[in-house]
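Student: Could you take me through one part of this model in detail? I'd like a close look at a single interface, with whatever helps to place it.

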Amino acid sequence: MQISVTVNGVVQERDVDPRTLLVHFLREELDLTGTKIGCDTSQCGACTVHLDGKALKSCTLLAAQADGANVATIEGLAVDGEHHPMQTAFWENHGLQCGYCTPGMIMATTAFVKDNPGASEEAIRHNLEGNICRCTGYHNIVKAVKQVADAAAGGD
Amino acid sequence: MSTRIFGSGIKRREDPRLITGEARYTDDIKLPGVLHMAVVRSPYAHANIVSIDSSAAAAMDGVVAAYTSEDIGDGLAGLPTAWLIPDSDLKTPEHPALAKGKVRYVGDGVAIVLAEDRYTAQDAADAVEVEYEELPVVVDPEAAAQDGAPQLFDDVENNIAFTWVMGDKTASDGVFNTADVVVRDKIVQQRLLPTAMEPRSAMAQYNPATQELTLWCTSQNPHIHRFIISAVTGLNENKVRVIAPEVGGGFGSKIPCYPDEALVSWAAIKLGQPVKWTETRSENYQITIHGRDHIQYVEMAANRDGKLLGVRATVYAGMGGYLSTAAPGIPTILHGLLYVGPYTMDSVYCESIGVMTNATPTDAYRGAGRPEATFLLERMVDMVAKRIDMDPAELRRKNLIPAFEDGYEVATTLIYDSGDYPAAFEKAIGIAGYDDFRREQAEARAEGRYLGIGITAYTEMCGLGPSQVAGAVGFQGGLWESATVRVTPTGKVQALIGASPHGQGSETTLAQIIGDELGFPVDDIEVIHGDTTETPMGWGTYGSRTTPVTGAALAEASRKLKEKARVLAAHLMEAAVEDIEYDDGKFLVKGSPDNFQSIQDVALMAHLAWNMPEGMDPGFEESQFYDPPNFVYPFGTHIAIVEVDANTGDIELKRYIAVDDCGPQINPEIVAGQIHGGVVQGIAQALCEGVIYDDSGQLLTGTMMDYTMPRADMFPNFELGETVTPSPHHPIGVKGVGETGTIASTPTVYNAVLDALSPFGVEGIDMPMTPAKVWQAIQSA
Amino acid sequence: MWPNKFDYQRAESVDQALELIGDEGKFLAGGHSLLPVMKLRLSAPEQLVDIGRIDSLRGISANGGLTIGATATHAEIAASGDVQSMCGALADACGGVGDQAVRNFGTIGGNIAHADPASDPPTVLVACGASINIQGADGSRSVDAEAFFVDLFETDLDDGELITSVSLPNCSDCQCAYVKFPHPASRYAIVGVAVCLKMDGGTCAQADVAVGGATVKAVKCAGAEAALAGSTLDDAALNAAAEAVKADIADWLAGDVAYPESYRQQMAGVYLKRAVKAAAG
């Protein structure tokens, strides 16, 4: 079937098998391989993207369902070569090691902080329930997200 | 700007490509015309294969081929076991890439299909019809070793692959027979799923013109993969190129060479088209190695005054359906040799029995043998404390080996390199506020709240290791590393290493070593790894060895370059070599600070070679092979404080304190990150992770819906401390830190939970200590 | 993992959806219950009719009671001021489904059609007397939530019928809460308890209680309700209700190796007390 999805601001029209998952559409059809696959059961969050501004596990949606929607992936997050503050915070706080969960972590937490500026550490830890990291023990991820959440609330 | 960045927590050099999604992991790499492989896997844990019919699958649109073991014939040799532990009557049963006549665990491959896309490949795999004749199943390693148990292999009697003995039994019996106190327990080290977030993946391409095979794969050790792929395919090793691109974590699970890597290689050669395979998480949980799986019968002897005398154990170690690459070495060499821990204990004895079972093969998983040893020691120490009614901190304090700087031989024959265990211990006790906690605990109990504290003092052996020792213990490889420091004419550095980091931050840490030795800005240093054609030989990244071993090779290579630079600088400045001083990337003539050559100037002149000293070769590049004279032995003390909800059995981890000593810290942020991650992995073993098989060998924890990965909301912020005791034998004094967190944290939290439950008289709970088990233990106590 | 092949059609209206759906077809809304089981190839419908863009199935309206469109997402429900004021327990339950990304796209209609016994919203719907509004080729009907959930993954829905909305009575003069013990891996409920209390001064005039997670379906708990009704929600009443709730669910228990039935049954008692305390605030 024919679908048209705006991905990182670019309209992408493709003919896809209806069973194509959005994550495979992004990775295979568009070669946007920053979005990862880490589980089969919507737990790990490595595939998190934004669909019309909301965090989505792209392994749990058909590409067909995204027809006409706006999708943002990790590749589209930096603007004019400037990292998004969440990307910067992950880097500055050593919030990643192998980097495989990182795109999903960053996409999930940018959406979270946008809706929850000034979020507490407890809220951040709770919200990370949809994203699994095996390397960092979460300590520095929480620190990175807190830094951005505080800044979003007007703190320093 | 100073380039003295040793000890500085600079931002990681690998991160920009990772935070933007630009990094390419194996499955991210596209080749034109690539075929996708799917593997038909056994749904039974033990069965004879009666027939395989792949005709329907082969006839599907988009399917190129389907193959069974018969089709492969002798096109692929069996996968080798590469750790042949001596004096253990080791059996190494054949491990074919696809099962021949019989399957031995759920997930054992029986056929492959190759198709134009991965959806079709999976459809076709589902369409392959296999008829099985089910056989009796055994998954428990102790049960599997008994007479009458189902037999996996005709030539492995009672499923016993090896029996490894350490220590003098008569002497040990003597100690235990005369000790005031003997405590004993049966400890189950449950199976764990390594769960690197990147599932395994492999893609092979064969070039008939050059007869060269290129294999991209998720490997911690591409040179070992090259060796094994060469051996199983019959291609000469110099015609095999293995590339480990970005690798998303390993934790040991990407050390072994698996059937899948061999199969994509074979299929790519057979079909003349590139072939890719990427496992799903469900497949990963079925076929990628599991960790641990020990049943241990452990005893500790002590005097009534608290002197620890000895430990002994019989260990049944589950090997799974086949012996994985390094499997025999894990519950033996890497386990028993740790039985003394940080204590002055003179008697050790271990009998470790490796048993084939109808389960996924086990192999090295973060810590590999050492967590299982540390756990049993620390469990026993707490049991002794309870028996003689001594505070567990006091008992440990009383038995810690006193500080030593250069070698301390213990009863396991290891020579610990350096340590100040009491210093780390007291520091952790201080951060925890141990004495205050005991008061708080008593008050809480009076209110019906159950707080507990647990302590682990540990040392471990890592930085594997002297090759002579590797040979003596049957490891079929060396354990040295090599590195080349290559400086371009414009003064930029390529550091080529044989090791293959996959998340550890080594591109940063190792650049800091070189920058510190030679004075190049760290941004001018690229650490290149993961490609057998581009990099010098190396044995891989595992066993907390890359910083200590590769780091030493790089430090030594850098020092050779520095010496060359000093001589060339002297020559260029027409000064005597002994008058040249080095300061932060500059070679100066003593007494005239304006007269200098920078390291970049010297590099250029070495390349131009217009004006070289007599006998000096042109170029500016040095290589170093480094074979460590000993292991390194990081150490420390961890403390956990927990609260148990007696109504539900739920455990809240309130505080976690880790004081670790890995020698001088090159990058403290990266060190802390390794500890955070390791600690969470170890705590997860205590509290939530654990494989469950049913009696028929079906994996009940087959997805992340059922296997509990640790999440952020289980943990407080960690409280880290450090002491710094350099390794005396290491060029820059550093020790490994990749596994310490995992090694120390499991018993720490376990002991804390049992401490919390002591009012109920709970003696033990099998891990993971889920709320249901804790609650049941409270009810039953 | 990925699904087997299927035909996909997008419906623009409920009538069209009902026309399109075939014998081996399923309706697809958010897909967050259906696609995971299709990916594991535990379910392989031959046809999906996407109802995600049908306007009449969306939204939440408050008109005396609450009407929640079948394709309202868990996140919308959790954030809705109307739901928070008229049935706080449902906001609690929907706010605890899966994780934020799942809540953003998972729908209430899909959730209840799937009838996972460990899912959260059904427990509240049963406790709070919701009705499920259903449309089929032969017209529409409404079923009490308690009758709608028949058994494990089994509902009163006939083939080809579509859930259009869920109706809830206005509960704003009740005190209600949903509390769950999440499975540490899946975040589904090991046990979830919903209570809805009508208070008359310090006395509980009426109590509605349902338990999920521990059971093959959300179960209404008459014994616990009787123990709470007429009491001042004192410790004795809570203890009695906790004992009663274990009996109420005894015939419906579900469990697994890690969290067996016996444990879940005991926890229903513990979490009943916690739910009552949360509701009574």
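Tutor: Sure, and keep in mind that this is a predicted model. Let's take the interface of chain B and chain A, where 34 residue pairs are found in polar contact, both partners at pLDDT 80 or more. On the chain B side, four helices each supply at least two residues to the surface that touches chain A: helix 1 (15-19), helix 4 (118-127), helix 9 (281-287) and helix 19 (668-687). Helix 19 of chain B gives the most, with eight residues. If you sort that side of chain B by class, you get 23 nonpolar, 17 polar and 15 charged residues.

Now for the charged pairs. Between chain B and chain A the count is eight salt bridges. One to pull up on screen is Asp27(B) with Arg27(A), whose closest N and O atoms sit 2.7 Å apart.

As for how much surface is involved, 55 residues of chain B are in contact with 48 residues of chain A. Together the two chains bury about 4600 Å², and 53% of that lies on carbon and sulfur atoms. Three residues stand out here: Ile19(B), Tyr119(B) and Met197(B) supply 17% of the area that chain B buries against chain A, more than any other three residues.

It's also worth looking inside the partner. Chain A is divided into domain 1 (2-76) and domain 2 (85-152), with 21 Å between the domain centres, taken over C-alpha atoms. Their contact takes 17 residues from domain 1 of chain A and 14 residues from domain 2 of chain A. These two domains bury about 1100 Å² between them, 61% of it on carbon and sulfur atoms.

What about polar links inside chain A? Domain 1 and domain 2 of chain A have zero salt bridges between them, but eight residue pairs are in polar contact across their interface, again with both at pLDDT 80 or more. On the domain 1 side, the elements that give two or more residues are strand 3 (48-51) and strand 4 (54-57) of chain A. Strand 3 of chain A gives the most, with three residues. By class, that side of domain 1 has seven nonpolar, eight polar and two charged residues.

So, back to the interface you asked about: on the chain B side helix 19 gives the most residues, and the count of salt bridges between chain B and chain A is eight.

Notes. Residues are numbered from 1 along each chain as its sequence is written. Chains are lettered from A and ligands numbered from 1 in the order in which they are written. This is a predicted model: local features need pLDDT of at least 70, side-chain atom pairs count only at pLDDT 80 or more; totals for chains, interfaces and linings use all residues. Side-chain values use heavy atoms; hydrogens and water are left out. Contact means heavy atoms within 4.5 Å. Buried area is the accessible area (1.4 Å probe) that two parts lose on being put together, summed over both. A salt bridge is a side-chain nitrogen of Lys or Arg within 4 Å of a carboxyl oxygen of Asp or Glu. A polar contact is a pair of N or O atoms within 3.5 Å; within protein, one must be able to donate a hydrogen and the other to accept it, and residues adjacent in sequence count only if both atoms are side-chain atoms. Ala, Val, Leu, Ile, Met, Phe, Trp, Tyr, Cys and Pro count as nonpolar, Asp, Glu, Lys and Arg as charged, and the others, Gly among them, as polar. Domain bounds come from an automatic or database domain assignment.
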